[in-house]
Amino acid sequence: MSELKSLIQDKLSKESFSGNGSLKALSQRGLELFNEQGIPTVKHEEWKYTRISAVLNKDFSYAEGATAITAKDVDEFRLPGYEDANELVFVNGIYHAELSNIRSSVDELVIIPLSEAVKGEYKSIVDSNLGHSANYHKDGINALNNAFAYQGLFISVKKNKSVEHPLYCYYINDARTENVLSQPRTLIHVAVNAEVKIVEEEVTIGTSDSFINKISEIVVEENAQVHLYKIQNEDSHSSCVKTTHVRQVGVSKVNSVTITLNGGVIRNNLNFILEAPGCESNMYGLYCVKGDTHVDNHTIVDNKMPNSLSNELYKGIIDENATAVFNGKIFVRQDAQKTNAYQSNKNILLSDTATVNTKPQLEIFADDVKCSHGCTIGRLDEDALFYLQARGIGDKAAKALLLHAFAIEILEKIELEPIRQYVDQIISERLDFEI
């Protein structure tokens, strides 16, 4: 890891920490912690099944120029429905307005650098929320992104506004000439009575290795709603660690759907911190992976106040030599009476060499709650398979039907129809329908 540390030190030595107050302190503290902790190894309990150090044990660069990426490049991977969306384009971790297309007015949506937000009317929001994820992820990966927080982006959804155009966020790594390491950072504030839909996609251009280490912190105020959809369908030379940290500071509702289809090593950290009574949180995930893809979903639901509801359902279809990890934690604090919290992880293995490690966890400190968790790992239902085959459906088609039925429960949670149809088409092709 000495080469990576040298690269980061060299990069930061050429930068001055922009902003002041919390932004500067977070960047400096992040650098200190990264120097102390380094990249986590399998000896770190939270990284027991994911060898992230092996991915980072190579030469990377911080190529940040946008001149090599054109609008035509972006056209190659625009998601369905982009004509009616706000498109935010990040190149090697940096937001580029000239490649983006913002259709909403500033009365609904504000997009500015964090270095500006920390000095203006949003200063108190930044000061009280930026870096909150570090309370839950005490490792060098989180610290590394904090060191680069000064180059991050602030997004504000204004009070009493329902943003008509969803936010499509494209995170592009330009790996056409060299290996690229990027550190995207966003802080999203969803004000009182506001609503927004967010879609995230990572894209690597080129055949060199790329690694995205991304943190997105989302603050949700009273009576606000957030719908968050993440699509991961990269090549095997593209890896990532994505941390999404949601604070529900007012009575609010948040829905999250994470779809993982392909990539190298993929780590998804998803945290829901329920800090107000009566919050609702829904976390859904589908990983349909094959080849040598490794996907690790780590979730945290921290119930701090009473009368909240959380639903968590993750499903996996693992084939060939792919590996999957699910680690879900639910905390119910002493003041969180009347909490309802449910967690389930279901997995289907399609080959003898596919692997899954699953660990659902509950820590309850209140006595008037309804909580459950569980996991399953198995093969396709032989009785259901026989039933279909007995009615003239071929073996491949019968398996594809059963797997699609298994996946559809998650796909139906995507409320944006163009995105749902897009993902459904990829899943159908992956499962090889031959009816």
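Student: Contact means heavy atoms within 4.5 Å. Which residues of helix 2 meet helix 7?

Tutor: This is a predicted model, by the way. From helix 2 they are Leu26, Ser27, Gly30, Leu31, Leu33, Phe34 and Gln37. They meet Gly140, Ala143, Leu144, Asn146 and Ala147 of helix 7.

Student: How do those residues divide by class?

Tutor: Seven are nonpolar and five are polar. None is charged.

Student: And at what angle do helix 2 and helix 7 cross?

Tutor: Roughly 145 degrees. Helix 2 covers residues 21-37 and helix 7 covers 140-147. Their axes come within 7 Å.

Student: Is that crossing left-handed or right-handed?

Tutor: Left-handed.

Student: Let's zoom out. How many helices and strands does the protein chain have?

Tutor: It has 10 helices and 20 strands. The radius of gyration is 21 Å, and the globule rule gives 22 Å for 435 residues. Those values are close, so the chain is as compact as a globular protein of that length.

Student: What box do the C-alpha atoms fill?

Tutor: One of roughly 70 × 55 × 45 Å, along the principal axes.

Student: Now the sheet. In what order do its strands run?

Tutor: The order is 2-1-5-8-10-12-14-16-18-20. That makes 10 strands in an open sheet, with mixed pairing.

Student: Which strands stand at the edges?

Tutor: Strand 2 (94-95) and strand 20 (370-378). Each has a single partner strand, so one side of each is left without a neighbour in the sheet.

Student: What holds paired strands together, generally?

Tutor: Strands of a sheet pair through backbone hydrogen bonds, and the pairing is either parallel or antiparallel.

Student: Strand 18 and strand 20, then: in which sense do they pair?

Tutor: Parallel, over nine bridges. Strand 18 spans residues 340-349. To pick out one bridge, Ile348 has Gly378 in strand 20 as its partner.

Student: Which strands does helix 9 lie across?

Tutor: Strand 12, strand 14, strand 16 and strand 18. Helix 9 is residues 395-411, and it runs at about 150 degrees to strand 16.

Student: How does helix 9 cross helix 8?

Tutor: At roughly 130 degrees, with the axes within 9 Å. The two helices are therefore oblique to each other. The crossing is right-handed.

Student: Which residues make that contact?

Tutor: Helix 8 gives Ala384, Leu385, Leu388 and Gln389. Helix 9 gives Asp395, Ala398, Lys399, Leu401 and Leu402. By class, six are nonpolar, one is polar and two are charged.

Student: Okay, helix 10. Where is it, and at what angle does it cross helix 9?

Tutor: Helix 10 is residues 417-431. It crosses helix 9 at roughly 155 degrees, and the axes come within 10 Å. Angles over 145 degrees count as roughly antiparallel. Helix 9 and helix 10 are therefore roughly antiparallel to each other.

Student: Which residues are involved there?

Tutor: From helix 9, Ala400, Leu403, His404, Ala407, Ile408 and Leu411. From helix 10, Arg420, Val423, Asp424, Ile427, Ser428 and Leu431.

Student: How many of them are nonpolar?

Tutor: Eight. Two more are polar and two are charged.

Methods:
Residues numbered from 1 in each chain as written. Predicted model: local features only at pLDDT ≥ 70, side-chain atom pairs only at ≥ 80, totals over all residues. Heavy atoms only, no water. Pairing = 2+ DSSP bridges. Helix = DSSP H or I, 4+ residues; strand = E, 2+ residues; numbered from the N terminus. Axes fitted to C-alpha atoms, helices over the stretch in contact; angles between N-to-C directions. Parallel < 35°, antiparallel > 145°, perpendicular 65-115°, else oblique. Left-handed = near helix turned anticlockwise from the far one by under 90°. Nonpolar A, V, L, I, M, F, W, Y, C, P; charged D, E, K, R; others polar. Rg over C-alpha atoms; globule rule 2.2 N^0.38 Å.
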